[in-house]
Amino acid sequence: MNICKSITAFCPENIRISHFVLETNRDVMKRNIVLKENRMVLFIAGKGTCRIDGDDISVGSGTLVFAFGGECFSVCGTDGLEYMYIDFSGVRADELFKRFEINRINRTFSNFEGLTPLWKESLSRATPNTVDLASESMVLYTLSRLNTENVKKDSVIGTVLRITENRFREPYLSIGVVSDELGYNPKYLSHLFKKKTGVGFSEYLTNTRIKYAVSLFDYGISSVKNAALLSGFSDPLYFSSVFKKIVGITPREYIAAASETIPE
């Protein structure tokens, strides 16, 4: 059952909020609409995909997504997918976006399940005389929670590094996979990773895999194919090409050199 409450009161200095909605209708979700205002979306149940201007964002319970006026917005997902949203605009809204670094690259945040009861209660208890206050308080409170999220950017990269260290052997590991698991926009996380580490994620992942392959050869593995597969490369030929580019010699040349240094 959908709940939609419209707001008409507006002061130029404040945030202008036009809608506070609980959306459960899948047909409505799928409609591709051009937003007239900014939209703060809190996914409260189920899993699915939020599409904004052609970019797909994996969402689930606790995912918080921001879309901006003029962007095309739609959602598709499982039967249990539900979300709430607040449409808003105004000078102060723009200022808050800048303060919390919310933009088209950094628009997705995770682990906000704790806000669901508060959003639901605020919407259900709001009256025509108080819905403007209720919705504005939800916008401000939710944004205030993002402050902690931004402070934890370095720990986010630490998490990415740990995931890479533990799972680099998986051939399909990518910044997209990691972003989906952590609830971040891939473009934003890729940009942040390079900013913090000085190298792109793909380059870091490749170097990690090659270092591991070198250690395998050093410990006596003589099969290039096996070393490639164990290091996260699904194509031995590609592995050999990358190995030579980074190490300077081919895997077979390295194996030969390593065998000559092993004590008999």
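Buried means under 20% relative accessible area, exposed over 50%, and partly exposed in between (1.4 Å probe, protein chains only). The views below come from a predicted model, in which local features need pLDDT of at least 70, side-chain atom pairs count only at pLDDT 80 or more, and totals for chains, interfaces and linings use all residues. Residues are numbered from 1 along each chain as its sequence is written, and side-chain values use heavy atoms, with hydrogens and water left out.

**View 1. The whole chain has eleven helices and ten strands.** Both kinds of element are DSSP runs numbered from the N terminus: helices are H or I with at least four residues, strands are E with at least two. The C-alpha atoms fill a box of roughly 85 × 35 × 30 Å, taken along the principal axes. The radius of gyration of the protein is 24 Å, whereas a compact globule of 264 residues would have one near 18 Å. That radius is taken over C-alpha atoms, and the globule rule is 2.2 Å times the number of residues to the power 0.38. Of the 264 residues, 44% count as buried. A contact means heavy atoms within 4.5 Å. Among contacts between residues at least 6 apart in sequence, 69% join residues at least 24 apart.

**View 2. An open sheet has four strands in the order β3-β8-β5-β6.** The pairing in this sheet is antiparallel. Its edge strands are β3 (33–34) and β6 (55–60), each of which pairs on one side only. Two strands pair if DSSP finds at least two bridges between them. Five bridges join strand β5 (residues 47–52) to strand β8 (residues 72–77), in the antiparallel sense. At one position, Thr49 has Cys76 in β8 as its bridge partner.

**View 3. Strand β4 pairs with β9 and with β7.** Strand β4 spans residues 38–45 and is mostly covered, with seven of its eight residues buried. Strand β9 (residues 82–89) runs antiparallel to β4, and seven bridges join the two. Met40 has Ile86 in β9 as its bridge partner. Strand β7 (residues 64–67) also pairs with β4 in the antiparallel sense, over four bridges. Here Leu42 stands opposite Leu64 in β7. Leu42 also appears in the next view, where Thr116 touches both Leu42 and Ile44.

**View 4. Thr116 is found in helix α3.** Thr116 counts as buried because its relative accessibility is 11%. Leaving aside residues up to four places away in sequence, Thr116 touches Leu42 and Ile44.

**View 5. Phe20 and Trp119 form an edge-to-face aromatic pair, one example from a structure that holds 18 aromatic pairs.** The two ring centres are 5.9 Å apart, with 80° between the planes. Phe20 belongs to strand β2 (residues 16–23) and Trp119 to helix α3 (residues 116–125), so the pair links distant parts of the chain, 99 residues apart. Both Phe20 and Trp119 are buried. Rings of Phe, Tyr and Trp (its six-membered ring) pair if their centres lie within 6.5 Å; planes under 30 degrees apart count as stacked, over 60 as edge-to-face and the rest as tilted.

**View 6. Phe233 and Tyr238 form a tilted pair.** Their ring centres are 6.1 Å apart and the planes stand at 50°, so the pair counts as tilted. Phe233 is buried, with a relative accessibility of 5%, whereas Tyr238 is partly exposed at 48%. Phe233 and Tyr238 belong to one aromatic cluster together with Phe217, Phe239, Phe243 and Tyr254.

**View 7. Met29 lies in helix α1 (residues 26–30).** With a relative accessibility of 2%, Met29 counts as buried. Not counting residues up to four places away in sequence, Met29 touches Glu23, Thr24, Ser74, Val75, Leu81, Glu82 and Tyr83. The C-alpha atom of Met29 is separated by 25 Å from that of Ala93, 64 residues apart along the chain.

**View 8. Lys196 lies in helix α7 (residues 186–197).** Its relative accessibility is 42%, so Lys196 counts as partly exposed. The C-alpha atoms of Lys196 and Gly77 are separated by 34 Å, and the two residues are 119 residues apart along the chain.
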